[in-house]
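User: I would like to go through a structure by question and answer. Please show it first.

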Amino acid sequence: MQDLEKDFQDRIDRGEVIEPRDWMPEKYRKTHIRQISQHAHSEIVGMLPEGNWLTRTPTLRRKVALLAKVQDEAGHGLYLYSAAETLGISRDELFEQLNAGKAKYSSIFNYPTLSWADIGIIGWLVDGAAIINQVMLTRTSYGPYARAMVKICKEESFHQRQGFEIMMTLCNGTAVQKQMAQDSLNRWWWPSLMMFGPPDAESTHTEQSMKWKIKLKTNDELRQQMVDVTVEQAKVLGLTMPDPDIKWNEERGHYDFGEIDWEEFWQVVKGYGPCNKERLAARNKAWDEGAWVREAAVAYAEKQAAKRTQAIAV
Ligand SMILES: [Fe+2]
Ligand SMILES: [Fe+2]
């Protein structure tokens with residue numbers, strides 16, 4: 001057993017990719033199921049806050065782009081559920097965990113989308129943060145996960161650009177539009193920094209995940225990258241960052257920033273965010289109302305299979 005674990009670690013250290021049929025430590029398998037399924041759930045639940053604005057987009061062009069984006073997120077969820085299934089868990093089990101409130105998903109999606117500017121902000125900041133996280137994951141050690149991330153990242157950059165373009169339009173618009181953009185940044189900035197997870201000192205999984213190349217950078221490193229990129233983009237938009245402590249630090253070569261309210265983060269993670277209940281209720285409703293579609297698909301597949309067997313018999 002020890003030899004197997006050592007060989008496994010050597011493979012990872014050499015930069016080899018682990019495939020579903022390869023031997024892997026049970027903890028590696030479980031950690032991946034947890035991470036990939038949380039990621040899949042985030043893509044699926046993430047459709048809800050944006051779906052809220054699909055019927056109220058300001059123009060037809062915006063509607064087409066938003067529809068395409070929300071549909072992409074559904075696709076991301078499906079690739080990721082498939083990647084999780086290669087580790088020996090069924091999709092039904094994964095949905096059951098989500099619907100029962102046992103599985104986690106990104107806490108950012110438990111915040112409400114109150115104005116059209118929030119759709120711009122989600123693309124700019126939330127998809128922006130997702131890209132920072134996910135570009136790293138294209139080089140993660142587990143093959144099916146890494147390959148899913150390559151395709152996902154290409155689509156995320158379209159999402160980020162459509163969000164930034166919405167922000168740009170609002171910021172170049174009337175005073176009211178600009179104010180709407182600023183208000184949205186004020187509400188979403190801190191939750192988007194929380195997307196990178198707890199500080200390194202408190203992150204329970206970081207060390208092992210780095211060793212197995214599930215993670216290639218720590219939460220705090222990724223968060224710093226997000227701050228550095230966003231502060232510059234906010235300048236282009238002419239928006240003010242809602243953090244008086246943001247200041248360029250010549251010595252570090254990075255922006256310093258203020259203290260994150262981790263109490264708020266843990267409240268949302270534990271299920272007490274503004275929309276946790278609403279999101280779970282929406283997922284359960286979709287699952288229940290979709291039962292007939294799943295049954296019909298299975299019945300159709302069985303019919304097709306029976307036809308094939310008949311044809312072979314003849
Ligand atoms: Fe996505
Ligand atoms: Fe996205």
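User: Is Glu-43 buried or exposed?

Analyst: This is a predicted model, in which local features need pLDDT of at least 70, side-chain atom pairs count only at pLDDT 80 or more, and totals for chains, interfaces and linings use all residues. Residues are numbered from 1 along each chain as its sequence is written, chains are lettered from A and ligands numbered from 1 in the order written, and side-chain values use heavy atoms, without hydrogens and water. Buried means under 20% relative accessible area, exposed over 50%, and partly exposed in between (1.4 Å probe, protein chains only). At a relative accessibility of 7%, Glu-43 is therefore buried.

User: Which residues are the protein donors of the iron ion (ligand 1)?

Analyst: Donors are N, O and S atoms within 2.8 Å of the metal (3.2 Å for Na, K and Ca); water is not among the atoms, so sites may look incomplete. At 2.0 to 2.2 Å from the iron ion (ligand 1), the protein donors are Glu-43 (OE), Glu-73 (OE), His-76 (ND1) and Glu-156 (OE).

User: Which residue bridges the iron ion (ligand 1) and the iron ion (ligand 2)?

Analyst: The iron ion (ligand 2) is coordinated at 1.9 to 2.2 Å by Glu-73 (OE), Asp-127 (OD), Glu-156 (OE) and His-159 (ND1). The two iron ions, ligand 1 and ligand 2, lie 3.3 Å apart, and the residue that bridges them is Glu-73.

User: What is the relative accessible area of Glu-156?

Analyst: Glu-156 is among the donors of the iron ion (ligand 2). Glu-156 counts as buried, because its relative accessible area is 2%.
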